[in-house]
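The exercises below ask you to work through contacts between chains, between domains and between helices. Try each task with the structure open before you read its solution.

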Amino acid sequence: MNIGLDQYVYLASPLHRWEPRCKLIGLMALIFAFSFVGNLSILPAMLVVTAAVFAVSKLPVSFMLRRLRYPGFFILAVILILPFVSGSTVVLSMGPLDLRQEGLISVLSIAARFLSILTIGLVLFGTTPLLTTIKSMRALGLPSILADMAFLFFRYLFEISDELRRMETAMRLRGLSLRRFSIHGLRTLAWLGGSILVRSYERADSVYKAMILRGYGQAGRSQYDLRASSRDLIALGVILMVAGGFIAGDILV
Amino acid sequence: MHIPDGILPISVTASGYAATTAITWYSVHKINQKENPREDIPKAALLTAAFFVASLIHIPVPPTSVHLVLNGLLGVTLGYFAFPAILIGLFFQAVMFQHGGLTTLGINAVIMGLPALVCFYIFRLRNIAGKGERMTGAFGFLAGFGGVGVSAVLLLVILLTNIPAELDASVERTAIFTLTLAHVPLMAIEGAFTALMAVFLQRVRPEILVGA
């Protein structure tokens, strides 16, 4: 399992340098403002702001295209179906299928919102190491139980995934080949899943002991030495104003 | 199975976040009532990762293959950690694979996490009904079948009532009903798989099944 999300976190751009808490608040506000936009005349402005943020981030376009491919399928399905089933104003009739105006309009706004939100999300998480993002969430008030779980989850996800792959390889080497559906095959796979749970459960014991030995749970000095400069705060103010502008614009227009 | 960004109106995504915050708060509150709440964190985190990985196991169902959701069994094994676990899993899925979405994280967590909690409560009835292998299998099936079933119904209801289509209410109801029926075979596979896994755990490491 290779995610390659932090492939470009060490580029140098204003967005990479932005203090992670400010970046998290600012870009999340922008994302929610975008999800609020429903007015057709505001969509171009939304796409322009998205393109500007993406350009400032210096992330390569190929990175975004690669990441859009998978979620794109779902949106593609919506785009192909909705114009034919939604609405009453028929603009084009193709045999038994009627292309409807209302459906077309909602498809346009869904696609634009989807593209903008995903791009801003990629900028947010592609310009900061994921662990720094979680640290800043913790600093912003995420309960420590969730933050600790998220750290440990991320720490062991890839190891457990490798372990599963090793077990699958071992099963194949011993002659298992599952091409048809059978109760026997299902049981084998369920035992495989069960084994991965048992192994992780047992491993957690030693992980916990090691953490205790290193002082886990003791009050110590804060590990979150995040500091926002006035420049970071000004940038946050500007982005929040842009986000507010979109919401106000959508209500007023 | 997850709702992507851009489809739902903000009223729905905001309510999703509100509900998620409330359920997470309740879960954290319940966890903190334990004698040593920190002790279970590594277990919960590693099991979350293991569930994440195990849900990638593909079951061959010619001509294609399906993968499982396992939220029912996750509820059974993690108890009050289940909802935070699902929230974390969905967050990483949205961030790493763009599967699901950031604005829809709250509503997706409700869709997957609420049934997990329900399964946790149902599976606890095993304490009364008995912990033999048959009972464990039966409750496992119930957890697997019910977990995915409730999730599928929640997902379809939310999608179909909110997709900006001016669909007729009766058409909507029929669509929800038909699509749910179409998921029944998947729910059965999930149930059987979960039952087999629960029996396996009962034999090998019964303490993983929390209600035990």
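**Exercise 1.** In this predicted model, work out how many residues of chain B are in contact with chain A, and which element of chain B gives the most to that side.

*Solution.* Begin with the count: 51 residues of chain B are in contact with 66 residues of chain A. Next, look for the elements that each supply at least two residues to the side of chain B that touches chain A, which are α1 (10–32), α2 (41–54), β1 (58–61), α4 (82–97) and α9 (184–204). Of the elements of chain B, α2(B) gives the most to this side, with 13 residues. Finally, sort the residues of this side by class, which yields 38 nonpolar, 7 polar and 6 charged.

**Exercise 2.** Describe how helix α7 of chain A packs on α4(B), giving the angle, the handedness and the residues that meet.

*Solution.* The first step is the geometry: α7(A), residues 144–173, and α4(B) pack at an angle of about 55°, with their axes 10 Å apart. Because this angle is neither under 35 degrees nor within 65 to 115, α7(A) is oblique to α4(B). The second step is the handedness, and here α7(A) passes α4(B) in a right-handed crossing. The third step is the list of residues, in which A:I145, A:L146, A:M149, A:A150, A:F153 and A:F154 of α7(A) meet B:P84, B:I88 and B:F92 of α4(B). By class, this contact has 9 nonpolar residues, with no polar and no charged ones.

**Exercise 3.** Determine how helices α3 and α5 of chain A are oriented to each other, and what classes of residue make their contact.

*Solution.* Start with the axes of α3(A), residues 43–57, and α5(A), residues 101–126, which come within 10 Å and cross at roughly 20°. Since angles under 35 degrees count as roughly parallel, α3(A) is roughly parallel to α5(A). The crossing of these two helices is left-handed. On the α3(A) side the contact involves residues including A:L43, A:M46 and A:F54, while α5(A) contributes A:L108, A:A112 and A:I120 among them. The residues of this contact divide into 9 nonpolar, 5 polar and no charged.

**Exercise 4.** Locate the two domains of chain A and state how many residues of each are in contact with the other.

*Solution.* Chain A is divided into domain 1 (5–137 + 227–252) and domain 2 (142–213), and their C-alpha centres lie 34 Å apart. Counting contacts, 4 residues of domain 1 touch 5 residues of domain 2. On the domain 1 side, the residues divide into 4 nonpolar, no polar and no charged.

Methods
Residues are numbered from 1 along each chain as its sequence is written. Chains are lettered from A and ligands numbered from 1 in the order in which they are written. This is a predicted model: local features need pLDDT of at least 70, side-chain atom pairs count only at pLDDT 80 or more; totals for chains, interfaces and linings use all residues. Axes are lines fitted to C-alpha atoms, for helices over the stretch in contact, and angles run from 0 to 180 degrees between N-to-C directions. Helices (H or I, at least four residues) and strands (E, at least two) are DSSP runs, numbered from the N terminus. Angles under 35 degrees count as roughly parallel, over 145 as roughly antiparallel, 65 to 115 as roughly perpendicular and the rest as oblique. A crossing is left-handed if the near helix is turned anticlockwise from the far one by less than a right angle, and right-handed if clockwise. Two residues are in contact if their C-beta atoms, placed from the backbone, lie within 7 Å. Ala, Val, Leu, Ile, Met, Phe, Trp, Tyr, Cys and Pro count as nonpolar, Asp, Glu, Lys and Arg as charged, and the others, Gly among them, as polar. Domain bounds come from an automatic or database domain assignment.
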